[in-house]
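User: Hi! I'm new to reading protein structures. Could you walk me through this one?

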Amino acid sequence: MAHPKHIVILTGAGISAESGIDTFRDAGGLWENHPIEQVATPQAFAADPVLVHRFYNLRRAALKKVEPNAAHLALGRLQDEFDGEVTLITQNVDDLHERGGFRNVIHMHGELNSALCSACGHRWEYREDLSITSICPACQTAGGPRPDIVWFGEMPYAMNSIERAVKACDLFVSIGTSGAVYPAAGFVQLAHAYRAKTLELNLEPSQGSAMFAESRLGPATQLVPDWVAEMLD
Ligand code: NAD
């Protein structure tokens, strides 16, 4: 592959799987044994905020016990050493890209280490447990804070800057994502329409594989360092 000038990378749960964080397609539509609609919709939070807080508190606490893997580290190295621009968009809510050395990650589906006030919209870095009595530091509303996660039916973050980057890149790479969750699943078509090369790195053929000019199959901890080495060659 000729060397590009601007690479846009989209990552999904598959890049963190070998660090020990479950994906949910692989677990039959369950995320850590919960059906998605029980923990990842605004309706679920309204119906049972105690359960939803507990679920995300456990996920947040679990982050402290996992480490970035060779794929996260390779992307950090790519940002440092690549002679061009690298934009990283992730659907993941973990912090393994940051701990793998990547700066300015775009978390389109939010972050476990962040809280959002449903009363005033304030967002802030938050690494402890949330509860139905947590108080927003900006507007002081008790029970306002919720996990800063984009739930199904909600608008992902940073869509304007993502769209600009995808249209401007000359290589679009998707890593460890099922191609089942929109709008992220549509980025490959946008990149292709704007004449970027497209490459998929995934454990197995994904729902979106046919859209990519090239698909490489295997574990992210092997495929990603190999591809980064090619880009830095
Ligand atoms: P997904 O669970 O739908 O799909 C994961 C994909 O990764 C699958 O195609 C699978 O074949 C592939 N995969 C599994 N192990 C792999 C490996 N070792 N190497 C390479 N590929 C591997 O994940 P998604 O597409 O990211 O969409 C799921 C949604 O779930 C996202 O919105 C995300 O916010 C959320 N989620 C996030 C996390 C996280 O933050 N780590 C974990 C689970 C779910």
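Analyst: Sure, we'll look at the sheet, then the helices, then the two domains. Keep in mind that this is a predicted model.

User: In what order do the strands of the open sheet come?

Analyst: Read across the sheet, not along the chain. Here the 6 strands run E5-E4-E1-E9-E10-E11, and the pairing is parallel. At the edges stand E5 (106-107) and E11 (214-217); each has a single partner strand, so one side of each has no neighbour in the sheet.

User: How many bridges join strand E9 and strand E10?

Analyst: E9 (residues 171-175) pairs with E10 (residues 197-202) in the parallel sense over 5 bridges. For instance, Ile175 has Leu201 in E10 as its bridge partner.

User: Which strands do helix H7 and helix H9 lie across?

Analyst: Take one helix at a time. H7 (residues 159-168) lies across E1, E4, E5 and E9, at about 125° to E1. H9 (residues 220-232) lies across E1, E9, E10 and E11, and its angle to E10 is about 150°.

User: Where are the domains along the chain?

Analyst: The domain assignment puts 1-21 + 68-109 + 157-233 in domain 1, and 23-65 + 112-149 in domain 2. Their centres are 26 Å apart, taken over C-alpha atoms.

User: And how do I read the interface between them?

Analyst: Interface size is often given as the accessible area lost when the parts come together. Domain 1 and domain 2 bury about 1000 Å² between them, with 56% of it on carbon and sulfur atoms. On the domain 1 side, Ile21, Val93 and Tyr157 lose the most area, together 46% of what that side buries. Between the domains there are 0 salt bridges, but 5 residue pairs in polar contact.

Conventions:
Residues are numbered from 1 along each chain as its sequence is written. This is a predicted model: local features need pLDDT of at least 70, side-chain atom pairs count only at pLDDT 80 or more; totals for chains, interfaces and linings use all residues. Side-chain values use heavy atoms; hydrogens and water are left out. Two strands pair if DSSP finds at least two bridges between them. Helices (H or I, at least four residues) and strands (E, at least two) are DSSP runs, numbered from the N terminus. Contact means heavy atoms within 4.5 Å. Axes are lines fitted to C-alpha atoms, for helices over the stretch in contact, and angles run from 0 to 180 degrees between N-to-C directions. Domain bounds come from an automatic or database domain assignment. Buried area is the accessible area (1.4 Å probe) that two parts lose on being put together, summed over both. A salt bridge is a side-chain nitrogen of Lys or Arg within 4 Å of a carboxyl oxygen of Asp or Glu. A polar contact is a pair of N or O atoms within 3.5 Å; within protein, one must be able to donate a hydrogen and the other to accept it, and residues adjacent in sequence count only if both atoms are side-chain atoms.
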